[in-house]
Amino acid sequence: MGISRGKQENCSPSSAKVEKKGKFLALDLGGTNFRVILLELDSSLELNCQVKYYTVPESLRLGEGELLFDFLAECIESFLKDNNLLGQKLPLGFCFSFPMDQTGIDEGILVTWTKSFNCPNVVGHEVVKILKNALEKRKDVAIDVVAIINDTTGTMMMGSYLDKRSAIGLILGTGCNASYFEKVERIHKWEGKHEGITEVIIDIEWGAFGDNGILDFMKTEVDKIVDENSLIVNSFTFEKLFSGKYIGEIVKQILLQLIDKNVLFHEVKLKPQNWTFTAADVSHSLEGKDLEKISDILKSKGFLETTLDDAEIVYYVCSVVSVRGSLIVSICLSSLLRRMDKKDVTIAVDGSLFKLHPKYKHYMEKFIAELAPNHKFQLILAEDGSGKGAGLVAAVVTSLDRSKLHA
Ligand code: BGC
């Protein structure tokens, strides 16, 4: 399988400092772009970072798990070769953005795939082992996989380097999820040793909130259609209400109903059949209420004779869907703020929806302030936090006694 590669980019954050110098690798698997990252901590302990993106083809995202991990190993080998690192024993942190049962810092059993992945024979298996098996097939690769983390944890980690008050890591991208600091005394299920630890990071996996039917009361007809059209039906109810993978589809389904009711596009003579509306289209449609720009977006989808009224309706639909999404996620964040009850909390956020949507951040700030009125908070962008956070975790883990890191 050939690999399609993007160019390598420098991705150094401006103010990150860590305590262990050296070179560390990180992998970031979660969306259609797989990232390999090299973090270098120089003698002044500044963080330098190089990243390269690789597109994971659909056949691998939906096929035999071993082939997917072989592909990851192939990308890693190519990255090492390009950076003259073949044969070097570098510690690696694996950011694996899917629900897992984490049994150790370097062990995670996949619970279910989400978003655009569905390789059934990986579910229930320990993914670091599968990755290590794939790496072992490549004789010039001597990587030591020392940690596996979720992207929300990586974002919280990166957030902590940018702002010491970070206590929540949020991903608002293709999927949505958060992690936060929880007091150990509140965790009754933790069976392993944890003397001396007062707080731990909990990966909430709130994307699956509502899978037991508890959110059915608020699901619209459109939400049900979006679920039926998704890769794994009846799962990840909460995530499907607003995250980047689905927000465009929600808008599209509403527009289809409006077309059906003859409210929209009366003057469009030939309506295209196979069109998509993406999260990026939603974001672009809301940039500065530019109706001409919205008409251009619609034209690019094959709706040629749209009117400014049509564009106004599309703008309105994008706004309503975005307000609903930002409100839903704010309800959960404000509950976390109230639960943690810390003086001042920074919420470190990564993900394309947060980065590209012109209004999400503003809506969230407003809603959270209303819903958790006595809790000081700020939302900061921890760009590429997931992957870089995994590299930072690798740096920390290599400086610790690894035998103590298992549950
Ligand atoms: C996954 C989470 C992940 C989130 C954001 C969800 O689909 O289950 O593990 O954190 O997407 O990438």
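A residue counts as buried when its relative accessible area is under 20%, as exposed when it is over 50%, and as partly exposed in between, using a 1.4 Å probe on protein chains only. By that yardstick Cys119 is buried, with a relative accessible area of 0%. Before going on, note that this is a predicted model, in which local features need pLDDT of at least 70, side-chain atom pairs count only at pLDDT 80 or more, and totals for chains, interfaces and linings use all residues. Residues are numbered from 1 along each chain as its sequence is written, and side-chain values use heavy atoms, leaving out hydrogens and water.

Let's stay with the cysteines. A disulfide here is a pair of cysteine sulfur atoms within 2.5 Å, and searching the whole structure turns up zero of them. Cys119 is in no disulfide, and the nearest cysteine sulfur to it, that of Cys75, is 14 Å away. What about Cys176? Its closest cysteine sulfur is in Cys332, 8.0 Å away, which is too far for a bond. Cys176 is also buried, at 2% relative accessibility.

Now for the helices, which are DSSP runs (H or I, at least four residues; strands are E runs of at least two), numbered from the N terminus. Start with α9 (residues 308–340) and α11 (residues 360–371), whose axes come within 8 Å and cross at roughly 45°. Those axes are lines fitted to C-alpha atoms over the stretch in contact, and the angles run from 0 to 180 degrees between N-to-C directions. Angles under 35 degrees count as roughly parallel, over 145 as roughly antiparallel, 65 to 115 as roughly perpendicular and the rest as oblique, so α9 and α11 are oblique to each other. The crossing is right-handed, meaning that the near helix is turned clockwise from the far one by less than a right angle (anticlockwise would be left-handed). Contact means heavy atoms within 4.5 Å, and on the α9 side the residues involved include Val323, Leu327 and Ile331, meeting residues of α11 that include Tyr363, Phe367 and Leu371. The residues of this contact divide into 12 nonpolar, five polar and one charged. In that tally Ala, Val, Leu, Ile, Met, Phe, Trp, Tyr, Cys and Pro are nonpolar, Asp, Glu, Lys and Arg are charged, and the others, Gly among them, are polar.

Next come α5 (residues 221–228) and α6 (residues 244–260), with axes within 9 Å and a crossing of roughly 120°. This pair is oblique too, and its crossing is right-handed. Val222, Asp223, Ile225 and Val226 of α5 make the contact with α6 residues, among them Tyr246, Ile250 and Ile254. Six nonpolar, two polar and two charged residues take part.

A third pair is α4 (residues 151–162) and α12, packed at about 75° with their axes 7 Å apart. That makes α4 roughly perpendicular to α12. Met157 and Tyr161 are among the α4 residues here, meeting α12 residues that include Leu392 and Val393.

Val393 deserves a closer look. It sits in α12 (residues 385–398) and is buried, at 9% relative accessible area. Not counting residues up to four places away in sequence, Val393 touches Ile105, Ala147, Ile149 and Met157.

Finish at Ser285, in helix α7 (residues 279–285). Is Ser285 buried or exposed? At 1% relative accessibility, it counts as buried. Leaving aside residues up to four places away in sequence, Ser285 touches Phe277, Ile294, Ile297, Tyr315 and Cys318.
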